Amino acid sequence: MSWKKENNRLYKSFEFADFSSAFAFMTRVALLAEKFDHHPSWKNTYNVVEIWLSTHDEGGVVTQKDKHLAEAIDRLG
């Protein structure tokens, strides 16, 4: 599944084998977000992680910062 633009945010859902795998992914994303100084809104339910990206400083719309972070998250695998 690719990122979808909805309600002025980029959205993507990631599914994993179990909770531990989902949590490990969230940890990697958290470290990446710190590096980018751009932090997602997200939700975790068991083995599913949902991520929403928008740039709050720009009024909560999608900017290049969001697109760059989305691409980096996708590279995490």
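**Aromatic pairs in a predicted model**

I will start with Phe19, which, at 38% relative accessibility, counts as partly exposed, and I should say at once that what we are looking at is a predicted model. Its partner in what follows is Phe23, which is also partly exposed, since its relative accessible area is 47%, and a residue has to be under 20% to be called buried and over 50% to be called exposed.

Now to the rings themselves. Searching the whole structure gives five aromatic pairs, and I would like to go through two of them with you.

The pair between Trp3 and Phe14 has ring centres 6.0 Å apart and planes at 70°, so it is classed as edge-to-face, the cut-off for that class being over 60 degrees. This contact links distant parts of the chain, because Trp3 sits in the segment before strand E1 (4–6) while Phe14 belongs to strand E2 (residues 9–15), eleven residues apart. Both partners are buried: Trp3 has a relative accessible area of 16%, and Phe14 has a relative accessibility of 11%.

That brings me back to Phe19 and Phe23, whose rings form a tilted pair, with 5.9 Å from centre to centre and 35° between the planes. Why are these two separated by about one helical turn? They are four residues apart in helix H1, which covers residues 19–36, and that spacing accounts for the turn between them.

Finally, if we follow the ring pairs from one residue to the next, Trp3, Phe14, Phe16 and Phe25 are linked into a cluster, so the edge-to-face pair of Trp3 and Phe14 that I described involves two members of that cluster.

Conventions. Residues are numbered from 1 along each chain as its sequence is written. This is a predicted model: local features need pLDDT of at least 70, side-chain atom pairs count only at pLDDT 80 or more; totals for chains, interfaces and linings use all residues. Side-chain values use heavy atoms; hydrogens and water are left out. Rings of Phe, Tyr and Trp (its six-membered ring) pair if their centres lie within 6.5 Å; planes under 30 degrees apart count as stacked, over 60 as edge-to-face and the rest as tilted. Buried means under 20% relative accessible area, exposed over 50%, partly exposed in between (1.4 Å probe, protein chains only).
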